[in-house]
Amino acid sequence: MIKAISIVNHKSFHPTTAHSVRLDHNKTATYIYGLNGAGKSAIAEVVDGIGRGDTKFEHCGIETTDGARYRYIVYNQSFVDRVIGEPMKGIFTVGEVDTVRQQRIDEIGAKTGELDAQIAMDKERVFEAGRGVEKELERAKQEIWKAYELGKNSSLKDFLKGYGRDAKKFFRDLRTHQLPDDGKLDSIDRLEKRWADVSSTESERTLVSIDTSALGRIERDSIWEEPVEVSSSSSLALLVAELGNADWVARGQDFLHNDRCPFCQQALPHNFRDELMRLLEGEREAKVDKIRSLVDAYSGQVQALETRVDLIIKDPEAKTTGLDLAWSELRSELYANLTNMQSKEAEPSKVVEINSSPIEALTDAVAKLNVSIEDFNTRIRDRKGERDRIREMFYQVLHADRVEAYARHDALIVPLRATEAKAKAELEEKKKALHALNEELRELRGQQKGVDASIDAINNRLRSLGISTFSIQRKNDQERLYTLKRPGVPVSDTLTLSEGEKTLIAFLYFMESLKGSLDENENVDPKKTIAVIDDPISSLSQNFIYDIATMIHHELVKPVGRPQLVKQVVVLTHNLFFFHELLRQTKKKGCALRRVVKSDYTAVQEFDPDTLMNDYDAWWQVLKDAKESRVPVQIIPNAMRCILEQFFTFTAGTSDIPRAIKELADADTSSKYAALHRFVDRGSHRDEINGPPIDWNLYDVDYLLGKFRAMFASVGQEQHYLMKMDEETPEISRAAL
């Protein structure tokens, strides 16, 4: 259906700015009212020109609801001239020659109507199902986009270049990075470290090692479990054995400087020093020296190991291997052993427990570190390959972060797509069924086409209108053309028709043309046909107004018991009586109403039909439009004259305005309006007296309306003026009086 008609640079429409004539596409009928000269016919001409592909109207346009091309059939004066000015072409339409075929055609029409409704519903279901799919896709895209934000906040964000805010592309591409079969993935932090390594200029690293074998040999020496005793060859041996404290005696030797005891200061035997030396020398002295040597060696090994480990721990990879914790535990054990060994050194006779150092954790940590170093070296040797591996794993890590979101989306989208696919399949089935019916309909109509049905229909309409003075028939020498036929007249010509008869027969021909086509091979689709009717009652007798309005309503707007002829009908008229008759039959809610107005240029507006109840009110509306500068001042005199003639005919029984004023008021009052009467008379007539041109720019609309109001006030009818002009009741200016 037509939503809007864009008109520019045609007749009274603006030459450069397009005006949009908006129609209500939700209603079958649109009625457009306007005075003669306002620009109604220009609207019909534009539709007709665009429908015929006339290049003259390329700058104008028609907007339809679905963007489809419609068949526009326009009744206007050009249509009348074409029909009457030459032999009427036959309208190839369905004849009534085959009841069975026609019954099938009617059945198909009903079925196609049902299918159209079902297809519309299926389209809505497809649309809703599609919306469900799109909604889930949008939700899933935003959920997956969180992985993008995760990667964007890392030092590897350059890998994400090219996505910008394209969540759809990211959603599609990320799931192509399948997770590794073993499921092993580095963390983002680890990938950042790998990237930093491969981006550096660092060369290959040397593997690290530690040697704890010497520590183990010292720890396993049996001396630690052996009490070192004094020599039995000394005469003092028995005494020391009784005292049980050879270590104390050995330490006391350091304090012996003369022949007196360093502790009790008593004189010592003359051979005491020699016996003491014999007591502590020999095998005992050798063992004590061994203990001292082992302690020194162990201490040196511990310090060397500590220095080595401290150096290894500085490696960046060491922290990830647990080497620092393993060394901390081992170091405690080593120093505990060293303390026990030093205790044995101080008291050789003591038995001390020396534990084997738990070097396994440290050895494992060093092994892990070497694996990391070797891994680093491998990556450094192939920097390009490493960059590619990091990039691939980066996307795998992001995919792993969103794997549950993908799984949820897949679970939700499957039934939604199934619903959409089912709705589409059902829609296609109905479309195929509709296509098959249309093909059958085309074939049936092809079997029944002919021009006789249209001739009979037009003649039946003429008879129903009480017209028996003429009819139409096939042209003898050209059976596909119509010609005029009058009773008792061998050859009749359309030139013998009156203007009213021409209008009537052209309109009946127009109504029949909606059913068919001038081309017998054209398949007419009423759902793609739009009728535009411009002033169909021009030159017609008042009696036919009811008939024309009834035809339009019952056959085009609301066909009851008849096939649909058109999808939409637009009627334009200047006749208020005809306009009201259309409105009375259709009802306000059943149609859309528009009004054509013209000031400098034509414009089309919506309006309430209650504002124009009859011709009298229409002229008052002209004055209201003039007051708002919506119509030119030239229209004012004629509008005033028509108002005054009807007003005084009703109130004074005469349309003679000066006489009416005299009869309603005193002579002095009537003389005040002689100038106004002269303006009204001259502006609304053209004769030998009123012939010279008028400079309308000299007239002040407000001044003239003030005089007009004062005229009504002088006869006691000011309130009538105010009511018709939708004004309140302020004081009339003395200038107007």
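The axis of a helix is a line fitted to its C-alpha atoms over the stretch in contact, and the angle between two axes runs from 0 to 180 degrees between their N-to-C directions. The model described here is predicted.

**Helix packing**

Helix α5 packs against helix α14 (residues 383-401) at an angle of about 165 degrees, and the two axes are 10 Å apart. Angles over 145 degrees count as roughly antiparallel, and α5 and α14 are therefore roughly antiparallel to each other. Their crossing is left-handed. On the α5 side the contact includes Ile 188, Leu 191 and Trp 195, while Ile 390, Met 393 and Phe 394 are among the residues of α14 that take part. By class, this contact has eight nonpolar, one polar and six charged residues.

**The loop after α5**

Thr 206 lies in the loop between α5 (188-199) and α6 (213-220). Thr 206 is exposed, with a relative accessible area of 66%. The C-alpha atom of Thr 206 is separated by 8.6 Å from that of Asn 370, although the two residues are 164 residues apart along the chain.

**Aromatic pairs**

The structure holds 21 aromatic pairs. In one of them, Phe 79 and Phe 510 meet edge-to-face, with 5.5 Å from centre to centre and 90 degrees between the planes. This pair links distant parts of the chain, as its members are 431 residues apart. Both belong to one aromatic cluster, which also includes Tyr 75, Phe 507 and Tyr 509. The table gives the place and burial of the two residues.

| Residue | Helix | Relative accessible area |
|---|---|---|
| Phe 79 | α2 (residues 77-84) | 8%, buried |
| Phe 510 | α17 (residues 499-513) | 0%, buried |

Notes: Residues numbered from 1 in each chain as written. Predicted model: local features only at pLDDT ≥ 70, side-chain atom pairs only at ≥ 80, totals over all residues. Heavy atoms only, no water. Helix = DSSP H or I, 4+ residues; strand = E, 2+ residues; numbered from the N terminus. Buried < 20%, exposed > 50% of the residue type's maximum accessible area, 1.4 Å probe, protein only. Parallel < 35°, antiparallel > 145°, perpendicular 65-115°, else oblique. Left-handed = near helix turned anticlockwise from the far one by under 90°. Contact = heavy atoms within 4.5 Å. Nonpolar A, V, L, I, M, F, W, Y, C, P; charged D, E, K, R; others polar. Phe/Tyr/Trp six-rings, centres within 6.5 Å; stacked < 30°, edge-to-face > 60°.
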